[in-house]
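Here's a quick briefing to read alongside the coordinates. Have a look at the model first, then go through the points by topic.

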Amino acid sequence: MRAQRITDTIAYHAEGPCWWEATGRLRFVDMLAGAVVELDEAAPGGHRRLPVGSAVASVIRPRVGGGAIVATEHGISLSRREDLSDLAPAATLFADPAVRTNEGGCDPGGRFWIGTMPYAKTPGAATMYRWDGLGTEPLTAWGGATICNGLGFSPDSQTAYWTDTPTGTIVAMDYRPDDADRGGLTDPRPFVSIDPAAGHPDGLCVDADGGVWVALNGGAAVHRYGPDGGLDAVVELPVRQVTACTFGGDDYTTLFITTSRENLPDDVEPAAGSIFAVEPGVRGLAPLPFGK
């Protein structure tokens with residue numbers, strides 16, 4: 001199947017799409033521009049940009065009771081207003097200027113997970129953190145990664161999926177929130193290994209049938225792997241740098257896909273940095289919110 005372009009080029013490095021139930025619209029981050037972008041046909045150009053007060057905006061998720069949690073370059077910010085006008089720093093994760101946050105999300109218990117990557121892509125210099133909310137300190141769950149990417153949970157909340165992009169492997173882990181080991185994501189094991197010729201696993205999401213959809217950066221595609229790890233669907237795109245995907249729409253049957261034009265000349269792949277969409281014939285899951 002082939003995804004359709006639904007926006008102009010509106011981002012430099014679009015990532016982390018999330019369906020926003022409070023507004024009924026898609027949100028994502030223009031990661032290296034430090035902005036959240038919301039699609040809205042009524043807005044000029046069909047979208048609005050919401051700055052986050054940081055050079056990097058890597059993740060946005062809804063909060064229980066309204067508002068949002070946003071991962072910034074080195075920390076976490078919170079808002080209670082849907083337009084992020086009251087967004088303010090809430091926690092610092094680290095201070096190393098050579099490292100930034102990169103990808104993450106919330107677990108079924110409402111805790112926030114955020115991974116990092118070194119700007120130089122130094123092997124082993126990335127870390128995965130967990131933050132439980134105001135009044136708590138961020139927990140280092142594990143280190144030794146290079147580019148932390150993707151985080152999704154199975155429909156029964158028993159299994160988490162995550163990837164360290166350069167390894168080419170999607171990792172499955174048991175979700176045991178009361179286990180202190182690795183912050184509660186335990187027993188990491190390979191779920192799928194992807195041939196580098198097909199691209200590099202980036203952001204991912206999980207559908208209501210337990211299928212794992214992963215964006216293949218450099219591969220111009222999104223792959224679906226069934227719960228058994230078998231490849232059973234491919235979504236093709238006309239641009240190579242495919243960064244992440246999520247389900248949305250009123251019935252969560254549309255797969256939205258973000259793309260990047262990072263390091264691309266203006267005359268190469270003019271559709272890069274656009275949002276794409278496809279109806280793959282399965283239903284997705286609503287985003288897990290932050291808080292309880």
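A residue counts as buried when its relative accessible area is under 20%. By that cut-off, 60% of the 292 residues in the protein chain are buried. Keep in mind that this is a predicted model.

**Fold and overall shape**
- On the secondary-structure side, the protein chain has 24 strands and zero helices.
- The radius of gyration comes out at 17 Å, close to the 19 Å the globule rule gives for 292 residues, so the protein chain is as compact as a globular protein of that length.
- The C-alpha trace spans about 45 × 45 × 40 Å along its principal axes.
- If you take contacts between residues at least 6 apart in sequence, 45% of them link residues at least 24 apart.

**Surface and charge**
- About 11,400 Å² of the protein chain is exposed, and carbon and sulfur atoms supply 50% of that area.
- There are 37 negative and 22 positive side chains, and the centres of these two sets sit 3 Å apart.

**Cysteines**
- How many disulfides turn up in a search of the whole structure? The count is zero.
- Cysteine 106 can't form one because its closest cysteine sulfur, in cysteine 18, is 8.6 Å away, too far for a bond.
- Cysteine 148 isn't in a disulfide either: the nearest cysteine sulfur belongs to cysteine 106, 16 Å away.
- Is cysteine 106 buried or exposed? Cysteine 106 counts as buried because its relative accessibility is 5%.
- Cysteine 148 is buried as well, with a relative accessibility of 0%.

Conventions:
Residues are numbered from 1 along each chain as its sequence is written. This is a predicted model: local features need pLDDT of at least 70, side-chain atom pairs count only at pLDDT 80 or more; totals for chains, interfaces and linings use all residues. Side-chain values use heavy atoms; hydrogens and water are left out. A disulfide is a pair of cysteine sulfur atoms within 2.5 Å. Buried means under 20% relative accessible area, exposed over 50%, partly exposed in between (1.4 Å probe, protein chains only). Helices (H or I, at least four residues) and strands (E, at least two) are DSSP runs, numbered from the N terminus. The radius of gyration is taken over C-alpha atoms; the globule rule is 2.2 Å times the number of residues to the power 0.38. Contact means heavy atoms within 4.5 Å. Accessible areas come from the Shrake-Rupley method with a 1.4 Å probe; for residues, only the protein chains shown count as cover. Lys and Arg count as positive and Asp and Glu as negative; His and the chain ends are not counted. The place of a charge is taken as NZ of Lys, CZ of Arg, CG of Asp or CD of Glu.
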